[in-house]
Amino acid sequence: MMTEEIKELIQNAQNDDKGAFHQLVALHDERIMILSYQLMKNEQDAEDLYQETFIKAYKHIGSFRLESSFYTWLYRITVNTSINLKRKLSKLRLQDPHDDMDPLDMIPESTSEESSNEISDAVRNAADNLPEKQRTVFILKYLQNMKIKEIASIMKIGEGTVKKYLFRAMEKMRKDLKEYRYV
């Protein structure tokens with residue numbers, strides 16, 4: 001459901017009102033940044049994804065039809081852009097064989113917080129190991145609290161396919177997290 005305020009901002013942005021577009025960004029920027037980080041797993045790539053999402057939204061605002069939610073449209077752009085960005089990044093990493101060190105591995109782990117973060121780290125690692133579409137559906141459902149119908153719309157797949165990806169993701173995560181089941 002789109003409010004009249006958002007509808008008016010979209011129409012103004014479509015008429016090249018940059019201020020209206022900036023207001024649309026302000027209304028959605030935090031959620032898009034959170035999603036970007038969840039999809040990309042590191043701050044720099046998340047910032048690149050966030051920026052690319054809003055650049056694409058700005059370029060294509062004229063093609064937005066007021067038939068769907070602006071929020072859903074932005075999420076679709078974010079998810080699709082993340083897939084393209086990951087492909088691009090993996091090609092770059094393949095081209096440079098000396099660049100096999102993950103910068104996050106250089107950060108020392110805190111031993112004082114290790115036990116309290118062990119389960120959340122295990123869940124994060126299990127989610128990171130999911131295939132791309134399962135991981136995306138898992139993030140949208142459980143971290144973004146989206147409904148199956150919204151996820152299907154964003155990913156342009158059927159609701160049954162979303163449920164299948166969720167089921168498979170949960171099966172894999174249960175297997176990966178079996179040692180934590182009774183903690």
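E52 is partly exposed, its relative accessible area being 33%, and this residue of the predicted model is found in helix α3, which covers residues 43-60. Together with E43, E47 and D48, E52 gathers in a patch of negative charge on the surface. Beyond this patch, the structure holds five salt bridges and seven aromatic pairs, and positive phi values occur at N145 and at K156, neither of which is a glycine.

**Negative patch**

- The members of the patch of negative charge on the surface are E43, E47, D48 and E52.
- E52 has a relative accessible area of 33%, and because residues enter such a patch only with over 30% relative accessible area and no salt bridge, the value for E52 satisfies the accessibility part of that condition.

**Salt bridges**

- Side chains of opposite charge can pair when their charged atoms come close.
- Among the five salt bridges of the structure is the one between E132 and K86, in which the closest N and O atoms are 3.0 Å apart.
- Because E132 lies in helix α6 (residues 132-143) and K86 in helix α4 (residues 70-95), this pair ties together parts that are 46 residues apart in sequence; E132 itself is partly exposed, with a relative accessible area of 30%.
- R174 and E171 form another salt bridge, again with 3.0 Å between the closest N and O atoms, and because the two residues are three positions apart in helix α8 (residues 159-176), about one helical turn separates them.
- Both partners of this pair within helix α8 are partly exposed, R174 with a relative accessible area of 40% and E171 with one of 38%.
- E67 forms a salt bridge with R65, for which the closest N and O atoms are 3.9 Å apart, a value that still counts because the cut-off for a salt bridge is within 4 Å.
- E67 is exposed, with a relative accessible area of 69%, and R65 is likewise exposed, with a relative accessible area of 58%.

**Backbone with positive phi**

- Most residues other than glycine have a negative phi, and most peptide bonds are trans.
- N145, although not a glycine, has a positive phi of about 55 degrees; its place is in the loop between α6 and α7 (148-155), where N145 is exposed, with a relative accessible area of 64%.
- K156, also a residue other than glycine, has a positive phi near 55 degrees; K156 lies in the loop between α7 and α8 and counts as exposed at 64% relative accessibility.

**Aromatic pairs and cluster**

- A pair of aromatic rings is described by the distance of the centres and the angle of the planes.
- One of the seven aromatic pairs is formed by F21 and Y58, which meet edge-to-face, with 5.1 Å from centre to centre and 70 degrees between the planes.
- This pair links distant parts of the chain, since F21 belongs to helix α2 (residues 18-40) and Y58 to helix α3, the two residues being 37 residues apart.
- The partners differ in their exposure: F21 is buried, with a relative accessible area of 7%, whereas Y58 counts as partly exposed at 35% relative accessibility.
- F64, F70 and W73 form one aromatic cluster.

Terms used. Residues numbered from 1 in each chain as written. Predicted model: local features only at pLDDT ≥ 70, side-chain atom pairs only at ≥ 80, totals over all residues. Heavy atoms only, no water. Patch = residues over 30% accessible without salt bridge, like charges linked within 9 Å, V, L, I, M, F, W, Y side chains within 5 Å. Areas by Shrake-Rupley, 256 points an atom, 1.4 Å probe, with all protein chains shown as cover. Salt bridge = Lys/Arg side-chain N within 4 Å of Asp/Glu carboxyl O. Lys, Arg positive; Asp, Glu negative; His and termini not counted. Charge placed at Lys NZ, Arg CZ, Asp CG, Glu CD. Helix = DSSP H or I, 4+ residues; strand = E, 2+ residues; numbered from the N terminus. Buried < 20%, exposed > 50% of the residue type's maximum accessible area, 1.4 Å probe, protein only. Phe/Tyr/Trp six-rings, centres within 6.5 Å; stacked < 30°, edge-to-face > 60°.
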